[in-house]
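Here are a few notes to go with your first look at this one. Open the structure alongside and read the points in order.

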Amino acid sequence: TLRDADGAPSPLTLAEEIPASPLLGGWLSALLAELTRLYAASTAEAKSAEAVALRNRVEGVLYFFIHSSRLGQATSGAALLRAALPLMLAVQEDADREFAQVGKIALELAGTSLLQPAAVASVMDAAEEVLAQSASWRVRAAALAVVREAGHTAVVLPGLRDRAVAVLDRSLGDAQLEVRTDAASSLAGLLRAMPPQHLAELVARAPKPKRRQAKPNPDQTPDDKAAALVRRHAKVLAVAAAVMSSPTAVPEWMAAAVEALCVLGGEEAVVRSTITRTVGEFRKSHQDTWEEIRATWSEDQLRLVQECSGTQSYYS
(Lines give C-alpha, C1' and ligand atoms only; values in the text may rest on other atoms or scores of the structure.)
Protein backbone atom coordinates (compact mmCIF):
# COMPACT_ATOMS: atom_id res chain seq x y z
CA THR A 1 0.00 0.00 0.00
CA LEU A 2 1.32 3.47 -0.92
CA ARG A 3 1.10 6.28 1.64
CA ASP A 4 0.78 10.04 1.21
CA ALA A 5 2.97 12.76 2.75
CA ASP A 6 1.12 12.51 6.09
CA GLY A 7 1.58 8.76 6.29
CA ALA A 8 -2.04 7.93 5.54
CA PRO A 9 -2.80 5.05 3.19
CA SER A 10 -3.06 6.09 -0.44
CA PRO A 11 -6.02 4.88 -2.51
CA LEU A 12 -3.53 3.45 -5.02
CA THR A 13 -2.44 -0.08 -4.22
CA LEU A 14 -0.12 -2.42 -6.11
CA ALA A 15 -0.25 -6.17 -6.42
CA GLU A 16 3.43 -6.38 -5.52
CA GLU A 17 5.95 -4.10 -3.95
CA ILE A 18 8.04 -2.09 -6.41
CA PRO A 19 11.73 -2.47 -5.51
CA ALA A 20 13.76 0.62 -4.75
CA SER A 21 15.55 0.12 -8.06
CA PRO A 22 14.44 -2.04 -11.00
CA LEU A 23 17.97 -3.45 -11.04
CA LEU A 24 17.69 -4.78 -7.46
CA GLY A 25 16.05 -7.88 -6.06
CA GLY A 26 16.04 -9.73 -9.36
CA TRP A 27 12.87 -7.92 -10.51
CA LEU A 28 14.09 -7.06 -13.99
CA SER A 29 15.85 -10.40 -14.39
CA ALA A 30 12.60 -12.17 -13.61
CA LEU A 31 10.72 -9.94 -16.02
CA LEU A 32 13.22 -10.66 -18.79
CA ALA A 33 12.91 -14.40 -18.21
CA GLU A 34 9.11 -14.17 -18.24
CA LEU A 35 8.96 -12.12 -21.43
CA THR A 36 11.45 -14.38 -23.18
CA ARG A 37 9.35 -17.43 -22.27
CA LEU A 38 6.07 -15.79 -23.30
CA TYR A 39 7.47 -14.48 -26.58
CA ALA A 40 8.97 -17.85 -27.54
CA ALA A 41 5.76 -19.70 -26.71
CA SER A 42 3.32 -17.22 -28.25
CA THR A 43 1.11 -18.57 -31.03
CA ALA A 44 -1.22 -15.56 -31.23
CA GLU A 45 -1.91 -13.90 -34.57
CA ALA A 46 0.47 -11.01 -35.22
CA LYS A 47 -2.31 -8.41 -35.20
CA SER A 48 -4.28 -9.83 -32.29
CA ALA A 49 -4.66 -7.85 -29.08
CA GLU A 50 -2.67 -10.48 -27.20
CA ALA A 51 0.28 -10.32 -29.58
CA VAL A 52 0.29 -6.52 -29.68
CA ALA A 53 0.21 -6.34 -25.87
CA LEU A 54 3.14 -8.75 -25.59
CA ARG A 55 5.17 -6.82 -28.18
CA ASN A 56 4.49 -3.61 -26.29
CA ARG A 57 5.82 -5.14 -23.07
CA VAL A 58 8.90 -6.46 -24.84
CA GLU A 59 9.48 -3.15 -26.60
CA GLY A 60 9.31 -1.32 -23.28
CA VAL A 61 12.09 -3.46 -21.85
CA LEU A 62 14.17 -3.04 -25.02
CA TYR A 63 13.83 0.72 -24.77
CA PHE A 64 15.06 0.53 -21.18
CA PHE A 65 18.37 -0.84 -22.45
CA ILE A 66 18.46 1.56 -25.40
CA HIS A 67 17.99 4.63 -23.22
CA SER A 68 20.30 3.41 -20.47
CA SER A 69 23.03 3.06 -23.12
CA ARG A 70 22.34 6.47 -24.66
CA LEU A 71 22.19 8.21 -21.27
CA GLY A 72 25.49 6.77 -20.13
CA GLN A 73 23.96 4.42 -17.58
CA ALA A 74 24.99 1.22 -19.28
CA THR A 75 27.20 0.21 -16.36
CA SER A 76 24.10 -0.31 -14.23
CA GLY A 77 22.47 -2.53 -16.82
CA ALA A 78 25.58 -4.49 -17.81
CA ALA A 79 24.89 -7.24 -15.27
CA LEU A 80 21.46 -7.78 -16.82
CA LEU A 81 22.53 -7.73 -20.43
CA ARG A 82 23.30 -11.45 -20.48
CA ALA A 83 19.73 -12.12 -19.38
CA ALA A 84 18.36 -9.66 -21.96
CA LEU A 85 20.27 -11.05 -24.95
CA PRO A 86 17.96 -14.03 -25.64
CA LEU A 87 14.99 -11.66 -25.86
CA MET A 88 16.84 -9.12 -28.01
CA LEU A 89 17.91 -11.87 -30.38
CA ALA A 90 14.54 -13.63 -30.47
CA VAL A 91 12.74 -10.57 -31.83
CA GLN A 92 14.99 -10.57 -34.91
CA GLU A 93 12.64 -13.11 -36.49
CA ASP A 94 9.47 -11.10 -35.81
CA ALA A 95 7.32 -10.39 -38.84
CA ASP A 96 7.04 -6.78 -37.70
CA ARG A 97 10.37 -5.54 -39.02
CA GLU A 98 10.14 -2.19 -37.22
CA PHE A 99 9.78 -4.08 -33.95
CA ALA A 100 12.72 -6.32 -34.90
CA GLN A 101 14.77 -3.21 -35.63
CA VAL A 102 14.24 -2.01 -32.05
CA GLY A 103 15.82 -5.25 -30.86
CA LYS A 104 18.76 -4.79 -33.23
CA ILE A 105 19.36 -1.23 -32.02
CA ALA A 106 19.25 -2.42 -28.40
CA LEU A 107 21.82 -5.10 -29.23
CA GLU A 108 24.26 -2.77 -30.96
CA LEU A 109 23.99 -0.03 -28.33
CA ALA A 110 24.48 -2.54 -25.55
CA GLY A 111 27.54 -3.92 -27.30
CA THR A 112 29.12 -0.48 -27.65
CA SER A 113 28.36 0.50 -24.05
CA LEU A 114 30.06 -2.33 -22.20
CA LEU A 115 32.94 -1.02 -20.11
CA GLN A 116 33.82 -3.94 -17.87
CA PRO A 117 35.88 -6.79 -19.37
CA ALA A 118 33.83 -9.35 -17.45
CA ALA A 119 30.62 -7.99 -18.98
CA VAL A 120 32.11 -8.10 -22.48
CA ALA A 121 33.21 -11.69 -21.96
CA SER A 122 29.76 -12.66 -20.66
CA VAL A 123 28.04 -11.15 -23.68
CA MET A 124 30.44 -12.89 -26.05
CA ASP A 125 29.69 -16.18 -24.28
CA ALA A 126 25.99 -15.72 -24.96
CA ALA A 127 26.58 -14.66 -28.58
CA GLU A 128 28.77 -17.68 -29.27
CA GLU A 129 26.10 -20.00 -27.86
CA VAL A 130 23.57 -18.46 -30.24
CA LEU A 131 25.90 -18.75 -33.23
CA ALA A 132 26.47 -22.41 -32.47
CA GLN A 133 22.84 -23.34 -31.83
CA SER A 134 20.43 -21.03 -33.66
CA ALA A 135 18.84 -22.24 -36.87
CA SER A 136 17.75 -18.70 -37.76
CA TRP A 137 20.20 -16.79 -39.91
CA ARG A 138 18.68 -13.47 -38.82
CA VAL A 139 19.39 -14.32 -35.20
CA ARG A 140 22.95 -15.41 -36.04
CA ALA A 141 23.51 -12.17 -37.95
CA ALA A 142 22.27 -10.18 -34.95
CA ALA A 143 24.60 -12.13 -32.67
CA LEU A 144 27.48 -11.19 -34.97
CA ALA A 145 26.54 -7.52 -34.58
CA VAL A 146 26.91 -7.91 -30.80
CA VAL A 147 30.31 -9.55 -31.20
CA ARG A 148 31.45 -6.82 -33.60
CA GLU A 149 30.43 -3.97 -31.31
CA ALA A 150 31.80 -5.68 -28.21
CA GLY A 151 35.07 -6.28 -30.06
CA HIS A 152 35.39 -2.61 -30.93
CA THR A 153 34.57 -1.65 -27.34
CA ALA A 154 37.31 -3.96 -26.06
CA VAL A 155 39.76 -3.28 -28.89
CA VAL A 156 42.51 -2.25 -26.43
CA LEU A 157 42.16 -5.57 -24.58
CA PRO A 158 43.99 -8.10 -26.78
CA GLY A 159 42.31 -11.16 -25.26
CA LEU A 160 38.76 -9.98 -25.88
CA ARG A 161 39.61 -8.34 -29.20
CA ASP A 162 41.24 -11.54 -30.49
CA ARG A 163 38.25 -13.54 -29.30
CA ALA A 164 35.87 -11.31 -31.27
CA VAL A 165 38.08 -11.66 -34.35
CA ALA A 166 38.07 -15.45 -33.98
CA VAL A 167 34.26 -15.56 -33.72
CA LEU A 168 33.84 -13.40 -36.82
CA ASP A 169 36.46 -15.46 -38.65
CA ARG A 170 34.57 -18.69 -37.97
CA SER A 171 31.36 -17.12 -39.21
CA LEU A 172 32.93 -16.62 -42.65
CA GLY A 173 31.97 -20.25 -43.15
CA ASP A 174 28.31 -19.86 -42.15
CA ALA A 175 25.83 -21.64 -44.41
CA GLN A 176 23.87 -18.42 -45.00
CA LEU A 177 25.29 -15.91 -47.46
CA GLU A 178 24.05 -12.87 -45.52
CA VAL A 179 25.80 -14.05 -42.35
CA ARG A 180 29.06 -14.70 -44.21
CA THR A 181 29.13 -11.26 -45.81
CA ASP A 182 28.22 -9.55 -42.51
CA ALA A 183 31.05 -11.44 -40.83
CA ALA A 184 33.53 -10.33 -43.49
CA SER A 185 32.63 -6.62 -43.26
CA SER A 186 32.68 -6.78 -39.44
CA LEU A 187 36.00 -8.59 -39.47
CA ALA A 188 37.55 -5.96 -41.76
CA GLY A 189 36.95 -3.26 -39.15
CA LEU A 190 38.60 -5.19 -36.33
CA LEU A 191 41.56 -6.35 -38.44
CA ARG A 192 42.95 -2.82 -38.34
CA ALA A 193 43.91 -3.49 -34.73
CA MET A 194 45.52 -6.86 -35.46
CA PRO A 195 49.24 -7.49 -36.07
CA PRO A 196 50.46 -7.74 -39.70
CA GLN A 197 51.14 -11.46 -39.41
CA HIS A 198 47.48 -12.13 -38.74
CA LEU A 199 46.46 -10.39 -41.96
CA ALA A 200 49.17 -12.23 -43.86
CA GLU A 201 47.68 -15.49 -42.58
CA LEU A 202 44.27 -14.52 -43.95
CA VAL A 203 45.77 -13.70 -47.34
CA ALA A 204 47.53 -17.08 -47.37
CA ARG A 205 44.13 -18.80 -47.27
CA ALA A 206 43.31 -17.65 -50.81
CA PRO A 207 42.10 -20.62 -52.87
CA LYS A 208 44.03 -21.74 -55.89
CA PRO A 209 42.59 -20.90 -59.32
CA LYS A 210 40.38 -23.57 -60.79
CA ARG A 211 41.88 -25.76 -63.46
CA ARG A 212 40.60 -25.07 -66.94
CA GLN A 213 38.15 -27.63 -68.28
CA ALA A 214 38.20 -29.52 -64.98
CA LYS A 215 35.66 -32.32 -64.97
CA PRO A 216 33.01 -32.30 -62.21
CA ASN A 217 33.11 -35.10 -59.67
CA PRO A 218 30.19 -37.45 -60.53
CA ASP A 219 30.11 -38.79 -56.94
CA GLN A 220 29.62 -35.35 -55.41
CA THR A 221 26.09 -34.79 -54.07
CA PRO A 222 24.32 -31.41 -54.25
CA ASP A 223 24.93 -30.98 -50.51
CA ASP A 224 28.62 -31.69 -51.00
CA LYS A 225 28.78 -29.11 -53.79
CA ALA A 226 27.02 -26.52 -51.64
CA ALA A 227 29.40 -27.16 -48.73
CA ALA A 228 32.43 -26.92 -51.02
CA LEU A 229 31.16 -23.60 -52.38
CA VAL A 230 30.74 -22.23 -48.83
CA ARG A 231 34.30 -23.28 -47.94
CA ARG A 232 35.72 -21.66 -51.06
CA HIS A 233 33.70 -18.50 -50.51
CA ALA A 234 34.93 -18.35 -46.90
CA LYS A 235 38.53 -18.34 -48.11
CA VAL A 236 37.78 -15.55 -50.58
CA LEU A 237 35.98 -13.56 -47.89
CA ALA A 238 39.01 -13.88 -45.60
CA VAL A 239 41.22 -12.28 -48.25
CA ALA A 240 38.55 -9.66 -48.98
CA ALA A 241 38.35 -8.73 -45.29
CA ALA A 242 42.12 -8.23 -45.22
CA VAL A 243 41.98 -5.98 -48.30
CA MET A 244 39.08 -3.92 -46.94
CA SER A 245 40.83 -3.48 -43.59
CA SER A 246 43.27 -1.04 -45.20
CA PRO A 247 41.10 1.37 -47.21
CA THR A 248 43.90 3.88 -47.82
CA ALA A 249 47.21 2.29 -46.80
CA VAL A 250 49.20 -0.13 -48.95
CA PRO A 251 50.85 -2.67 -46.63
CA GLU A 252 53.40 -5.15 -47.94
CA TRP A 253 50.88 -7.97 -48.31
CA MET A 254 48.32 -5.92 -50.26
CA ALA A 255 49.68 -6.67 -53.74
CA ALA A 256 49.61 -10.41 -53.10
CA ALA A 257 46.10 -10.19 -51.63
CA VAL A 258 44.60 -8.31 -54.56
CA GLU A 259 46.41 -10.52 -57.06
CA ALA A 260 45.13 -13.65 -55.28
CA LEU A 261 41.58 -12.44 -55.86
CA CYS A 262 42.07 -11.30 -59.43
CA VAL A 263 43.50 -14.60 -60.69
CA LEU A 264 40.38 -16.52 -59.68
CA GLY A 265 38.42 -17.14 -62.85
CA GLY A 266 35.43 -19.29 -63.65
CA GLU A 267 33.99 -18.92 -60.15
CA GLU A 268 30.40 -19.28 -59.04
CA ALA A 269 28.35 -16.09 -59.06
CA VAL A 270 28.51 -15.58 -55.28
CA VAL A 271 32.32 -15.81 -55.25
CA ARG A 272 32.70 -13.72 -58.39
CA SER A 273 30.51 -11.00 -56.88
CA THR A 274 32.71 -10.80 -53.78
CA ILE A 275 35.87 -10.56 -55.87
CA THR A 276 34.51 -7.85 -58.18
CA ARG A 277 33.11 -5.80 -55.32
CA THR A 278 36.31 -6.04 -53.25
CA VAL A 279 38.66 -5.11 -56.09
CA GLY A 280 36.35 -2.28 -57.17
CA GLU A 281 36.27 -0.88 -53.63
CA PHE A 282 40.05 -1.22 -53.41
CA ARG A 283 40.42 0.79 -56.62
CA LYS A 284 38.14 3.56 -55.36
CA SER A 285 39.59 3.83 -51.87
CA HIS A 286 43.22 3.90 -53.04
CA GLN A 287 43.00 6.70 -55.58
CA ASP A 288 45.17 8.94 -53.42
CA THR A 289 47.89 6.29 -53.19
CA TRP A 290 47.68 5.17 -56.80
CA GLU A 291 51.03 6.65 -57.76
CA GLU A 292 52.69 4.56 -55.06
CA ILE A 293 50.87 1.46 -56.31
CA ARG A 294 51.82 2.09 -59.92
CA ALA A 295 55.46 2.55 -58.95
CA THR A 296 55.74 -0.60 -56.85
CA TRP A 297 53.37 -3.17 -58.37
CA SER A 298 54.26 -5.22 -61.42
CA GLU A 299 52.63 -4.68 -64.80
CA ASP A 300 50.91 -8.06 -64.51
CA GLN A 301 49.39 -7.09 -61.17
CA LEU A 302 48.17 -3.78 -62.54
CA ARG A 303 46.68 -5.50 -65.57
CA LEU A 304 44.85 -8.01 -63.37
CA VAL A 305 43.32 -5.22 -61.29
CA GLN A 306 42.22 -3.42 -64.46
CA GLU A 307 40.56 -6.54 -65.84
CA CYS A 308 38.95 -7.52 -62.54
CA SER A 309 37.63 -4.09 -61.56
CA GLY A 310 36.36 -3.26 -65.03
CA THR A 311 38.05 0.14 -65.17
CA GLN A 312 38.67 1.51 -68.66
CA SER A 313 42.20 2.70 -68.06
CA TYR A 314 43.81 1.59 -64.85
CA TYR A 315 47.23 2.81 -65.97
CA SER A 316 46.11 6.41 -66.45
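The points below go from the whole chain to one helix and then to a pair of cysteines.

1. First, keep in mind that this is a predicted model. The protein chain has 14 helices and zero strands, so if you read along the sequence you just get α after α, in the pattern α-α-α-α-α-α-α-α-α-α-α-α-α-α.

2. How much of the chain is buried? Of its 316 residues, 42% count as buried. The accessible surface comes to about 17100 Å², and carbon and sulfur atoms make up 53% of that.

3. Contacts across the sequence are worth a look too. Among contacts in the protein chain with a separation of 6 or more, 66% are between residues 24 or more positions apart.

4. Now find helix α2, residues 49–70. With 22 residues at 1.5 Å a residue, α2 should span 32 Å, and its end C-alpha atoms are 31 Å apart, which agrees. Its buried residues include A51, L54, R55, V58, V61, L62, F65 and I66. A general point helps here: an α-helix has 3.6 residues a turn, so residues three or four places apart point the same way.

5. Last, the cysteines. How many disulfides does a search of the whole structure find? The count is zero. C262 is in no disulfide, and its nearest cysteine sulfur belongs to C308, 4.0 Å away. Why no bond for C308? Because the cut-off for a disulfide is 2.5 Å, and 4.0 Å from the sulfur of C308 to that of C262 is too far. Both cysteines are buried: C262 has a relative accessible area of 12%, and C308 is at 16%.

Key:
Residues numbered from 1 in each chain as written. Predicted model: local features only at pLDDT ≥ 70, side-chain atom pairs only at ≥ 80, totals over all residues. Heavy atoms only, no water. Buried < 20%, exposed > 50% of the residue type's maximum accessible area, 1.4 Å probe, protein only. Helix = DSSP H or I, 4+ residues; strand = E, 2+ residues; numbered from the N terminus. Expected span 1.5 Å × (residues − 1). Contact = heavy atoms within 4.5 Å. Areas by Shrake-Rupley, 256 points an atom, 1.4 Å probe, with all protein chains shown as cover.
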